[in-house]
Structure formats: structure tokens, C-alpha cells
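Welcome! Keep the picture at hand and try each exercise before reading its solution.

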Amino acid sequence: MDKEFLRDRFDWLQAELIDIIARKCSNMSLYQRKKLSKLLVKAILPFKFCRKDYVTNIIMETLGYTHEDAEKLMIKSTETFVLNSFEMASLRYMTPETLNDKIRVEGLEYLKENIRPDRGIVMVSGHFGLWEFIPQWLTLNGFKMTSVARIQKNKYVDKWFNEMRERHGAHVTDSGYGLRDILKALHNGHILGLMMDQDNGKQGIFMKFMGKWASAPTGPAVISMKLGSPIIPIYVFPNYEGKHLLKIFPPIDVTKYEKNILGQQKLTQDYNSIYEEIIRKTPEQWFWLHKRWKTQPADCPENPSVKALNIDINN
């Protein structure tokens, strides 16, 4: 059989499996989900893709945990991620009434007071808690939303996730979305949703995250400064015994920052510092598996932020 055909069928099967899990999860009890999460984690942890040693070591390095405590958090955070994934996957089949009933909100006034038809809002979030709930709930409750997401290598999985994300009216585009289109969305009063907690390679802006240099996306700072759009961090804190908390943080006034690389770096540092504080308080809710600190200043000495900050690349 043709290898390309087999690969295509395997990709299709993955998407079908995700859909089956999503359907099942929408009807599972919390007890069943928790039990299944623990069983799955126990089964998959021995495999390399779980990076259990990497996660344990990075927890020790960034949080100062002992090896024993770091290993416990590694297991707990993996179980939490699987449980949260079940909840987010169920969005594909969740009714608007059920979605609204699952969420309580803090800080909604920050969106209402700062949304403007000519500049919109730049929302920053990350792979923490129930992040997929954010655009769904916002759109369902009257906000125009455009989310930027990375394209999945598996075209069937990518299609499934986009359909899930657009179920309640949000618009999803990939990270190759042109700046002109992004600015148009903001000019039309959209909330632009950007994930900002993955390594952005040699072209990113360097800032300190959890005590270590990390490369952050340039988009939030560059885009918000261009239009004067406020940056508003939003996260969803799971509460399976009650209602999940969708917390909207106070806006960051980007007009207070210099319109140069140092201003962009300071702005990037400030909204990441908010995120860091959140993670330190509830570390089990963060997706530690990402190689967040993969790119270091020494890898790109000509990076504008590395040069502007005069980072010692030899230390």
C-alpha cells in the first residue's frame, strides 16, 4: 500500500478518535473523567513524548522544588492537563446554555469599558487551565472574536479543532495570518486572541520568565502599539465542583510604553510577569510540556532585544 495513503488514513483515524472522546466526555461524570485521566497518564508517562524527566527538571529549576516534589507536580500537572483536555474537547458538542452555565466571570467591566470599534482589544492568554473556553464564551456573550492558532500538522485534526473553536461564532485563523488582516479585525472592534507562552525562536522578544530568559512572540506588543489597543490578559481557572472562573485582568495601557524595541520588550515582560504569578500560584494548571526556554540569547546574538538589553550571551 502507498505510504502516503496509509499516513492519510492514520491522520483521519486520529481525528475520529478525538471526536469519539469528545462525544463520550460530554456525557461522562466528573468521577469517570478523573479516573480515566489517572489511568491514561499512568499508561503514557513511560513514553518519551511525555518528557517526564524534562518537566521534572524544569520544575525543580524554576520553582525550586525538590526532586520528589517536582516529580509529584509533574504527574499532577499531566493528570490535570488530560482532565482539562476532556472538558475542552466536550466544547464540540456543548450547547450554549451548558457553556454559559459552566462559567462565572470576574472583570467583565474591563472588556466593556475598553472595547472600541476602531481599535479592538488584544487579548493575551496561554496554555493554562481551560483556555479553549475563552473565545467560545466571549463570542457567545456578544463580543466579536478572532483567535490566532497554529496549524496542526494533521489536516483532519486541524479541521476538527477549528470547527470546535468556531462552534459558537468565533473566527479562527492561523499564525500565518497577515498583519493587514489582523489590523482590519481590530479596526472592526474584534478581540484578537493571542497565545503567548510558547518559544518564539530567534525572532522573538527576550524577557525573563520564571527566572530564565525566554523568547516571546512579538505580535502582542507590535500590534497593540500600532493601534493603541489595550492588552488584556484572560485565563480560565477550572472548578469542577462548581463553576469555572473566567478571569479578565485589568487592561495594560500600551500608550505608556516607548515605541521602540525597549518599549516592546518592557510591555512583553509586564504581561508575562502577570502570567508567571498565576502559574506560580497554581502550577498544576500550566502545560509544562512545552520547551518554553528552548531558544536562548546566545542562539541569536543579533536579535534586536538581545542587543537592546545588552544581554551577556556568555553567561
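Three exercises follow, each with a worked solution.

This is a predicted model, in which local features need pLDDT of at least 70, side-chain atom pairs count only at pLDDT 80 or more, and totals for chains, interfaces and linings use all residues. Residues are numbered from 1 along each chain as its sequence is written, and side-chain values use heavy atoms, with hydrogens and water left out.

**Exercise 1. The sheet**

Find the order of the strands in the open sheet of seven strands, and say which ones stand at the edges.

Solution. Step one: strands here are DSSP runs (E, at least two residues; helices are H or I, at least four), numbered from the N terminus. Two strands pair if DSSP finds at least two bridges between them.

Step two: reading across, the order is S1-S9-S8-S2-S5-S3-S4, and the pairing is mixed.

Step three: S1 (103-106) and S4 (171-174) are the edge strands; each has a single partner strand, so one side of each lacks a neighbour in the sheet.

Step four: look at one pair inside the sheet. Strands S8 (residues 231-237) and S9 (residues 244-248) run antiparallel and are joined by four bridges. In this pair, Phe-237 stands opposite Leu-245 of S9.

**Exercise 2. One face of a helix**

Which residues of helix H8 (residues 155-165) are buried, and what covers them?

Solution. Step one: buried means under 20% relative accessible area, exposed over 50%, and partly exposed in between (1.4 Å probe, protein chains only). By that rule, the buried residues of H8 are Val-157, Asp-158, Trp-160, Met-164 and Arg-165.

Step two: look down the axis of H8. The buried residues fall within an arc of 160° (taken from the directions from the helix axis to the C-beta atoms), so they line one face of the helix.

Step three: the cover includes helix H1 (3-25), H4, H7, S3 and S4.

**Exercise 3. A salt-bridge network**

Trace the network of salt bridges that links Asp-8, Arg-9 and Lys-155.

Solution. Step one: a salt bridge is a side-chain nitrogen of Lys or Arg within 4 Å of a carboxyl oxygen of Asp or Glu.

Step two: Asp-8 bonds this way with Arg-9, their closest N and O atoms being 2.8 Å apart. Arg-9 is partly exposed, at 33% relative accessible area.

Step three: Asp-8 also meets Lys-155 in a salt bridge (3.6 Å, N to O). Lys-155 lies in helix H8 and Asp-8 in helix H1, so this pair ties together parts 147 residues apart in sequence.

Technical notes:
Contact means heavy atoms within 4.5 Å.
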